[in-house]
Amino acid sequence: MANLLIDERDMKFVLYEQLNIEELCESQHYAEFSREMFDMVLDAATKLAEKELAPTNADGDQKGVVLENGEVKVPESFHRAYQLYCEGGWAALPVSEEHGGQGFPLSIYGATTELFVAANQALLMYPGLTVGAARLIEKYGTEAQQRTYMDNMYAGVWAGTMCLTEPQAGSDVGALRTKAVKNSDGTYSITGNKIFISAGDHDLTENIIHMVLARVEGAPPGTKGISIFIVPKKRIEGEELVDNDVTTMAIEKKLGIHASATCALNFGEKDNCIGYLLGEENQGMRIMFNMMNEARLAVGYQGLGQASAAYMYALRYAKDRFQGPEISTMKDPVAPKVPIIQHPDVRRMLMWMKSVTEGIRGLLYFASYCGDRIHAAKTDEEAAKYQGFLDILIPVCKSYSSDMGFRVTELAVQIHGGYGYCREYPVEQFLRDCKIASIYEGTNGIQALDLVGRKLGVGQGLLFKSIAAETGNLLKNAKKNFRLKDIVEPFDEARAQLIEVTRYFGLKSITEDFMTPILYATPYQDLFGDVAVGFMLLWQAVIADRRLEELYGDAKADTPEKKAELLRTNRSAAFYRGKVASAEFFANTVLSLAKGKARAIMSGERSAIDLPEESFALF
Amino acid sequence: MKSLVCLKQVPDTETQIKVKPDGTGIVTDGIKYVINPYDEFSVEEALRLKEKFKAGEVVILTVGPDRCTEAIRTALAMGADRGIHVNDESLNDADPYSIAQVLAAAASQEGYDLIFCGHRAIDDDFGEVGAMLAELLQLPQVTLVTKLEIADDTQSAVVERDVEGGKEVIEVPLPCVLTSQKGLNEPRYASLPGIMKAKKKKIDKKTAADLGITSERKLAPTEYTMPPERKAGKKYEDMEPAEAAKIVVEALRSEAKVI
Ligand SMILES: Cc1cc2nc3c(=O)[nH]c(=O)nc-3n(C[C@H](O)[C@H](O)[C@H](O)COP(=O)(O)OP(=O)(O)OC[C@H]3O[C@@H](n4cnc5c(N)ncnc54)[C@H](O)[C@@H]3O)c2cc1C
């Protein structure tokens, strides 16, 4: 097996066969690109990920970051990998040429992100946050701010962070207390404490640009009174970089991503921390919201990347590890031992991992592709349609990918048995690294509230209706293919269940029983994810089935034996057969549970709410 | 310093090779192709020379079907200036001699100070093209190069090469043919700006006729087969060691015929 980070064939299948991203090149916006260039980018990314980023992953995990004399040091091996990443221009891949990037489609960016994250999630945190911060300056910064900060950040010369969280302000960002006082020269003096700040300090770059949410003196309480500031670690005075009074108080010891510094930062301990307003006062939350889709999708890619690598490693292990005889010879003590991939329970786990990973890949690439279609749209309606898909799918992409990605890594450990629990094999690190994705960038619980409380309500259910219509079209198309009957039926049924629960939520939200949708927001999000992933797998199966039939036809494989022979000798045929199987498996073992899941939600069961706190346990 | 880099596209080392059922070749469907790793060393070395002397050109010379464009473009993305792609039906599956003939003809049309080849290609492992090319062009050659110093007057080079158990240092006049070995350098990665630039660089397409060549193949494959699968071992259990030794020796002599 070549690449242990990602199934490259599947990556290309989604990009070229499912989404047909080559078509984007026909639009003016992407006219200078071609399939050949996309392939070169994917190959170059694969090579860098495999040869440079992945080999530093375990080292980063074991060494972690250290805080010494107030300065954070990343593992030594990260310096070279980071430098190569920046020199290659990877951070700015989708950034427009005008702003110093290459302007590639977001779908290509998505694929490279999956690869890089699969290789080394902790390392990718540094450029990931830098790009997030630079994006804000690109969109809202003045020309001078762009030249001073953004250019250096896209080039990887300076890094960036996002400083939202404070001890009392986690999910509830509106509770933040960091203070900004306007100076006579138009700058602001910043004082406050931030915690959990990823990449808050490190020695990869000479300067770090913090994007800090703070409250200007006298601003209204809650989210309405939040502004956002550019606060460099070292500010520019004349030609020099001088210390800007940002101190690293501590770094967290944590479950995973050991090599990503999670810092507690103090701003203005000596009353000498200067911030520069981005946009206007009290616009901080609006500005952050604008970047939220991109950031949440990026976290979804972390779940996918870990799932992808975990599956590939588990598959290889299952083929290599001999244990026990084949089931039919179980009683014979001298029966030959077989690789564990021959045991049904192991196969079932692999099949689940395969179908879920491929489904999430389809979903996330599709979300990125929606971004491309917005850029390439010929009409406002077209752009609005894809924006709508994106808006409703984002919480699902973020939560489902991180939750299911984690479960894929968990099964990878399971398949490795005792070895999987040990450091010697990489899968336990995947599991630990993956877990954070369901927590930061808005916990998955907060995502569910966004989905149910906000997105379902937009335009009286407009977003949901448009997704339902899109899946309905696919369904109509798929129903024409008799061979796909076993996939289509469970999908049809699960989709109908989702629509019914959505309607039920709609009714509840206009009665006084609005608690039910809130209480069941997460199970609903999960059901939504099942259907969204099922939609992707069905879409893929329609294509794969057609290709497979063509290959059978070309090879005149008209009997089961001849087909089996073709699957053994023809890689494409084997691949397409696997795609159809992913959809079959997911439809029959996951989507078929939709009815039960819907019933659980609509039971309206309220004990979780009604139970007096005293009754949860006697402390 | 003008360098010609002869570059071949080969299946990725990690690809599991399958032989076509009729034995006429390997199954190419779904194979991932890459630049022959030894040719990557050549590209890198040629780029370094151009950078060092701040003058000259790096030209990629490739024989092969359409798919090879990607390999050429990747070398262009690393920084090479332009490519020559000899793409001719008659040269698919050509033997080393035909390839050397084509390269010699193309090289003669181009002009050069140095010609780089990989010391072998990792697909068919012949390791003959570089040597044949030098002979056809009547140039000196140094094979298995691990270090290269070009004299300031660019008239000669001091070259280190691998020999059994050590290194050999050779001085060679230019122009010459060098074949690259692992250790020569560490090839750079193609960057995104490099990929964007590569798009605009020129690749000249040529046929055998353009070069005035009709291939004179010296070798033709008759059949491809996979190496035989290793048979499961035999176990001699539940017996006295002395008896087991006797049986094993007998088996080695009469069954395995190795002693
Ligand atoms: C490794 C790491 C890196 C991080 N990086 C950054 C960073 O770079 N920048 C940054 O600003 N922050 C960062 N964070 C902070 C992270 O975003 C927060 O931890 C997260 O938003 C949750 O906040 P909290 O930890 O205070 O948990 P809480 O908000 O206390 O949440 C605890 C639990 O309560 C639930 N909950 C809370 N409120 C509600 C509600 N209204 N309705 C329903 N459920 C609710 C949550 O879903 C969760 O399950 C990072 C955290 C970690 C661990």
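Helix 7 of chain A is covered on its buried residues by elements that include helix 6 (121-140), strand 3, strand 6 (207-216) and strand 7 (226-232) of chain A. The structure is a predicted model. Within helix 7 (residues 143-154) of chain A, the buried residues are Tyr149(A), Met150(A), Asn152(A), Met153(A) and Tyr154(A). After helix 7 of chain A comes Gly156(A), with a positive phi near 80°.

Helix 5 (residues 106-119) of chain A can be examined in terms of both burial and length. Of its 14 residues, 14 are buried, so helix 5 of chain A is largely enclosed by the rest of the structure. Its 14 residues should span 20 Å at 1.5 Å a residue, and the end C-alpha atoms of this helix are indeed 20 Å apart, in agreement with that expectation.

These helices belong to a chain with 21 helices and 14 strands. Along the principal axes, the C-alpha atoms of chain A fill a box of roughly 85 × 65 × 60 Å. For 619 residues, a compact globule would have a radius of gyration near 25 Å; the value for chain A is 25 Å, which agrees. Buried residues constitute 51% of the 619 residues of chain A. Among the contacts in chain A with a separation of 6 or more, 76% are between residues 24 or more positions apart.

Chain A also supplies residues to the surroundings of the ligand. Strand 3 (158-163), strand 5 (188-198) and helix 13 (444-454) of chain A each contribute at least two residues to the shell around the ligand. There are 19 residues around the ligand, of which Leu164(A), Gly170(A), Ser171(A), Thr443(A) and Gly445(A) come nearest. By class, the shell comprises 10 nonpolar, 8 polar and 1 charged residues.

Helix 13 of chain A also leads to a backbone feature: Gln460(A) is located in the loop between helix 13 and helix 14 (462-479) of chain A. Although Gln460(A) is not a glycine, its phi is positive, near 50°. Gln460(A) has 10 other C-beta atoms within 10 Å and is therefore exposed, the cut-off for that class being 12 or fewer.

Attention now turns to chain B and its meeting with chain A. In this interface, 21 residues of chain B are in contact with 22 residues of chain A. On the side of chain B that touches chain A, helix 2 (68-78) and helix 5 (192-198) of chain B each provide at least two residues. That side of chain B has 9 nonpolar, 4 polar and 8 charged residues.

Chain B itself is divided into domain 1 (2-211) and domain 2 (229-259). The centres of these two domains of chain B, taken over C-alpha atoms, are separated by 49 Å.

Several loops of chain B merit individual inspection. Gln138(B) lies in the loop between helix 4 (129-137) and strand 7 of chain B; its phi is positive, about 55°, although Gln138(B) is not a glycine. Gln138(B) counts as exposed because it has 7 C-beta neighbours inside 10 Å.

Beyond strand 7, Ala151(B) occupies the loop between strand 7 (141-150) and strand 8 (156-163) of chain B. Ala151(B) has 12 other C-beta atoms within 10 Å and is therefore exposed. Not counting residues up to four places away in sequence, Ala151(B) touches Ser156(B) and Ala157(B). By contrast, Ala151(B) and Arg67(B) are 38 Å apart in space, C-alpha to C-alpha, and 84 residues apart in sequence.

A further loop, between strand 9 (166-173) and strand 10 (176-180) of chain B, holds Pro175(B). The peptide bond that joins Leu174(B) and Pro175(B) is cis, with omega about -5°.

How values were computed
Residues numbered from 1 in each chain as written. Chains lettered and ligands numbered in written order. Predicted model: local features only at pLDDT ≥ 70, side-chain atom pairs only at ≥ 80, totals over all residues. Domains from an automatic or database assignment. Helix = DSSP H or I, 4+ residues; strand = E, 2+ residues; numbered from the N terminus. Expected span 1.5 Å × (residues − 1). Buried ≥ 20, exposed ≤ 12 C-beta atoms within 10 Å, placed from the backbone. Contact = placed C-beta atoms within 7 Å. Nonpolar A, V, L, I, M, F, W, Y, C, P; charged D, E, K, R; others polar. Rg over C-alpha atoms; globule rule 2.2 N^0.38 Å. Near = placed C-beta within 6 Å.
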